[in-house]
Amino acid sequence: MFRNDYVMRMIYQLGAVVRYVLGLQQKGDYTLALIAIDNAYRDRLGLGAEAVGELTDRELLALVRFGGGADAWREEGLFIAALLYAEASIYTAQERTDASAARALRALQLLAECALDAEGPLPEYAPPRNELLTMLHGYHLPAHTRAALFTICERDGDFATAENLLGDMLDQHPNDETVYAAGVDFYTRLLTHDDATLVKGGVTRAEVHEALEQLQVG
């Protein structure tokens, strides 16, 4: 009970910060929003925005795990991912393409790590996965990031996005039998769902059958 109360209080507090930052961003107060983001990073990680932007995904995850502890690192990580998403959105508006993509990628990677380990629904302030993917359209996602997102999207019932990620992996590794096997398993699992679930996830049974046959022939 104590842990639940602690986590819920933290989620409320972090959510308030994210709403404040996003409010500034939506008003076009980019300077104030970036200052608020920098202060939030320093409060939670002990590093400013510039230093956070230079971390690798593994370094950032390690820092989040260390700071958040065993009880609340996922909520902490999603908060940092939300700040990165806000930064990316601001840099997109300012046409700072490279800076935006770098922050969006880190946000997506951190979101994936937290979502894989989550025991229930993500907090409301978690950044939107598909918007991050849209920001990164045309960019090369690391293999481990793509594989994690593929797993999460299927688990969440977002079959169309999972299928797109699988297609990217097949294009990137056309001769990799492991990837082909993962694709066959994926479509085989989809066929266990009813038609309504498939349509809700963005695919049809006919499309699943066709894709499975193509993989098996290939």
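## Tyr 187 and the nonpolar core

Leaving aside neighbours within four places in sequence, Tyr 187 touches Glu 163, Leu 166, Val 208, Ala 211, Leu 212 and Leu 215. The model is predicted. Tyr 187 also belongs to one aromatic cluster, together with Phe 150 and Phe 186.

Which residues have the most contacts inside the largest nonpolar core? They are Tyr 41, Leu 60, Ile 80 and Tyr 187. This core holds 68 residues. Helix 4 supplies the largest share of the core, 16 residues. In soluble globular proteins, nonpolar side chains tend to be buried together.

## Aromatic pairs and a charge over a ring

How many aromatic pairs are there? The count comes to three. One of them joins Phe 79 and Tyr 125. Their ring centres are 6.4 Å apart. Their planes stand at 90°, so the pair is edge-to-face. The cut-off for that class is over 60 degrees.

Phe 79 sits in helix 4, which covers residues 57-93. Tyr 125 sits in the loop between helix 5 (97-117) and helix 6 (129-135). The pair therefore ties together parts that are 46 residues apart in sequence. Are these two residues buried or exposed? Phe 79 is buried, at 1% relative accessibility. Tyr 125 is buried too, with a relative accessible area of 8%.

Trp 73 has a different kind of partner, a charge. The charged end of Arg 65 sits over the Trp 73 ring, 3.9 Å from the ring centre.

## Helix 7

Helix 7 runs over residues 143-155 and has 13 residues. From first C-alpha to last, helix 7 reaches 19 Å. That is close to the 18 Å expected at 1.5 Å a residue.

Which residues of helix 7 are buried? They are Thr 145, Arg 146, Ala 148, Leu 149, Phe 150, Ile 152, Cys 153 and Glu 154. These buried residues pack against helix 5, helix 6, helix 8 (159-172) and helix 9 (177-190). Phe 150, listed among the buried residues, is also a member of the aromatic cluster with Phe 186 and Tyr 187. An α-helix has 3.6 residues a turn, so residues three or four places apart point the same way.

Gly 157 comes just after helix 7 and takes a positive phi of about 80°.

## Cysteines

How many disulfides does a search of the whole structure find? The result is zero. Cys 114 is in no disulfide, and the nearest cysteine sulfur, that of Cys 153, is 15 Å away. Why is there no bond from Cys 153? The sulfur of Cys 153 lies 15 Å from the closest cysteine sulfur, in Cys 114, and that is too far for a bond. A disulfide needs the two sulfur atoms within 2.5 Å.

Cys 114 is buried, with a relative accessible area of 0%. Cys 153 counts as buried at 0% relative accessibility.

## Loops

Glu 95 lies in the loop between helix 4 and helix 5. Its phi is positive, about 60°, although Glu 95 is not a glycine. Most residues other than glycine have a negative phi. Glu 95 counts as exposed because its relative accessibility is 70%.

Gly 120 lies in the loop between helix 5 and helix 6. At 41% relative accessibility, Gly 120 is partly exposed. Gly 120 and Glu 207 are 87 residues apart along the chain. Their C-alpha atoms are separated by 30 Å.

Conventions: Residues are numbered from 1 along each chain as its sequence is written. Side-chain values use heavy atoms; hydrogens and water are left out. Buried means under 20% relative accessible area, exposed over 50%, partly exposed in between (1.4 Å probe, protein chains only). Rings of Phe, Tyr and Trp (its six-membered ring) pair if their centres lie within 6.5 Å; planes under 30 degrees apart count as stacked, over 60 as edge-to-face and the rest as tilted. Helices (H or I, at least four residues) and strands (E, at least two) are DSSP runs, numbered from the N terminus. A charge sits over a ring if NZ of Lys or CZ of Arg is within 6 Å of the ring centre and within 35 degrees of the ring normal. A nonpolar core is a set of buried Ala, Val, Leu, Ile, Met, Phe, Trp, Tyr and Cys residues joined through side-chain atoms within 4.5 Å. Contact means heavy atoms within 4.5 Å. The expected span of a helix is 1.5 Å times one less than its number of residues.
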